[in-house]
Structures are given as structure tokens and as C-alpha cells.
Amino acid sequence: MGQKPCYAARLQLPIQGAIGPLADRYLEALGERGKALTTRYEYHRDLDALGRLYPDVDPEDMTTALLESFLMEQTRGKAANTKRKAYAILSGFFGYLHERGFIPTNPTLPLVAPSRPEPEPTFWTPEDICRILSVPLALTEHVCLCVLAYTGQRAGVVRDIQWHHIDLPERVINFPRGKQGKFHTIAIPAALVAKLTALYRRRPHAPEDYLFTSRQGTPFSQQTLARITDKACRKAAVRRATPHEFRRSCITNLLRAGVEFTVVSKGVAGHSNPATTLRHYRGITNAEVGTALDRLAY
């Protein structure tokens, strides 16, 4: 099927009959829109649970009350993020069915989406990044962290980079399909050119080979990259965080350095809505607040 070896345990997707062929068609549509295999696995899991709870109810006969009961049963005692994800899966599935005319109404519309508290944006300072990238690591691990730090892209697309995505003569990375199925091209910063060149010359490879692979030859998994990031943070004595902190830090530090907002928001972050950049990536320090208050005229 052409999927990564690290996802071998989940290659049986889509399993037929979650709640009928419409669920299978929806899973196929998610794949066509670029949803990762692990994401489709989660969608299938919840839709399969819905089908097992109401085996005699077709999608067109599902009511808001039934779906509300399912969400309560499926997420009882679970974290808030799990509840939001379960709601999103049902909303996406029944929204898809309604948009394509398979059901007359969308029964998820009256459901109230679980609230999402806005976390305070965090980021590593440039000094923190320098310390992390100075930690001695295997070349593949080091270059992977450098790509995260110097491009500000999501960990998922960085893990998925193959050599045909890299154009060293033109100094661009044509990142694979990422969130919401979007492609994104980034110019390779000067500090990253030598790193990628060293990795390129390390061993023979084919265009379809992944850049970042383990000693066994399998692409980095999400868990592997998280372990590498955590190891580098501990050795650098820097606040530990997930690989996504590289993205937050890149975007935030560019804004703090005075780079034009549109360049950061659209060119680097790839956000279609500028509000997303401000909401999630503009960290403000206490020192900045103190400097602002010191400018009061009274």
C-alpha cells in the first residue's frame, strides 16, 4: 500500500463495515485529502464504536440525541482533548454525508462543541535553540532538529520529507502534503544548506528515500522524534517540550525580530488565517510587558 513500515500494525484500514459503506467512503475521502494514516485510524476507531453501539441504526436515521449519548459513553472520564476529538470526528463524518446528499440533515449541528481553553503560547529563545542544536547527536537526528528549527514546519511533514522534496541547487524544500492537505515550499536558509548537504553525501540514496530514518531504515515515527527532542533538551538543560515547540519558536522569534507579519504568517507558517498566527504563536514575555508599562507618561 506504500505506507511507512512504522505504521504496519494499522495497514488494514479501512476495515469494511464501520457503520456501512458510507463510513468506508468517508475514510477513503480523508485519505484523498491527505489525512495521515494514524488520523484515519482514530476516525475509524470512533466510527466503528458508533456502529457497534447502534448496530441497527443507519446513518440517515441517526439523531442528535443518539450521538450525544454516544459521545457521553465514548468519552466518559477522558481528557478534554479526547472529547474534542470525538466530537470533531462525528461532526466531520455527518457533515460529509450531508454535503454529498447522503442524509437530509446533519444531526451534529445542534451538538455543543467541547470548549477549548486557550493555552498561553510558549517558545524557546534563540539562545535555547542554539543550545539544543549544539548537543552532540547522530547526524540524521541533528539535521532533523535543524530542519524543524530553521523552517518552522510541523513535525509531521518534516518526518515525511523524501529526497525528491529537496532541491539543493535551487535551495528550496517542497514539503509534502501537510495539515488540511496543503503543500508548502520553503527556501532553505543558509545555515541549513551545509547540514542537508552533509546528510546528502553521507550515503547513496534514491529520490523516494526518506531523509530521516532509524538505524533499521524505517522513517522516524512521531514517538522517535519526540524522544530525540526530549533527549536534546535534557542534555542542553533547556525546558523540555514536544517537537512542535520548534515551530512555535521559529514563528515567534521571527515576529519578535521584526520580520514582516505577512512573511511569517503566510510564507513561513502557511496560515490561511492571520489570526491563527497571533493566537497560537505570539508569545509575550514579562520583560516585554514591563518595558511597555515603563513607557506610561504618568
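**R52 and its partner D48 on helix 2.** R52 is exposed, at a relative accessible area of 57%, while D48 is partly exposed, at 22%. (Buried means under 20% relative accessible area, exposed over 50%, and partly exposed in between, with a 1.4 Å probe and protein chains only.) The two meet in a salt bridge, their closest N and O atoms 2.9 Å apart. To count as a salt bridge, a side-chain nitrogen of Lys or Arg must be within 4 Å of a carboxyl oxygen of Asp or Glu. Both residues sit in helix 2, four residues apart, or about one turn of the helix. Keep in mind that this is a predicted model, where local features need pLDDT of at least 70 and side-chain atom pairs count only at pLDDT 80 or more, while totals for chains, interfaces and linings use all residues. Residue numbers start from 1 along each chain as its sequence is written, and side-chain values use heavy atoms, with hydrogens and water left out.

**K85 and E42, a bridge between two helices.** Follow helix 2 (residues 37-53) to E42, and you'll find K85 from helix 4 paired with it, 43 residues apart in a link between distant parts of the chain. Their closest N and O atoms are 3.5 Å apart in this salt bridge. K85 counts as partly exposed because its relative accessibility is 35%, and E42 gets the same label because its value is 23%. Searching the whole structure turns up ten salt bridges.

**D230, R234 and R240, a little charged network.** Salt bridges tie D230, R234 and R240 together. In one of these, the side chains of R240 and D230 come within reach at 2.7 Å, N to O. D230 belongs to helix 9 (222-236), and R240 to the loop between helix 9 and helix 10 (244-256), ten residues away. The two ends of that bridge sit quite differently: R240 is exposed at 52% relative accessibility, whereas D230 is buried at 18%.

**A237 and R171, two loop residues with positive phi.** Most residues other than glycine have a negative phi. A237 goes the other way, with phi near 55 degrees. You'll spot A237 in the loop between helix 9 and helix 10, where it is exposed at 59% relative accessibility. R171 isn't a glycine either, and its phi is positive, at about 60 degrees. The loop holding R171 runs between strand 1 (166-167) and strand 2, and R171 is partly exposed, with 37% relative accessible area.

**T122 reaching across the sequence.** T122 lies in the loop between helix 4 (80-99) and helix 5 (126-133) and is partly exposed at 31% relative accessible area. What does T122 touch, leaving out residues up to four places away in sequence? R239, E245 and R248 are its contacts, a contact being heavy atoms within 4.5 Å. E245 is 123 residues away in sequence, yet the C-alpha atoms of T122 and E245 are 7.5 Å apart. Their side chains share a polar contact at 2.8 Å. (That term covers a pair of N or O atoms within 3.5 Å; within protein, one must be able to donate a hydrogen and the other to accept it, and residues adjacent in sequence count only if both atoms are side-chain atoms.)

**Inside the largest nonpolar core.** A nonpolar core is a set of buried Ala, Val, Leu, Ile, Met, Phe, Trp, Tyr and Cys residues joined through side-chain atoms within 4.5 Å. The largest one here has 37 residues, and I132, L145, V147, I161 and F212 touch the most other members. Helix 6 gives the most to this core, seven residues. Zoom in on V147: beyond its sequence neighbours up to four places away, it touches G152, V158, I161, F175, L192, L196 and F212. A separate core of 25 residues lies apart, including L47, F93, Y96 and L111.

**Stepping back to the whole chain.** The chain has 13 helices and three strands; helices (H or I, at least four residues) and strands (E, at least two) are DSSP runs, numbered from the N terminus. Of its 298 residues, 41% are buried. Among contacts between residues at least 6 apart in sequence, 62% join residues at least 24 apart.
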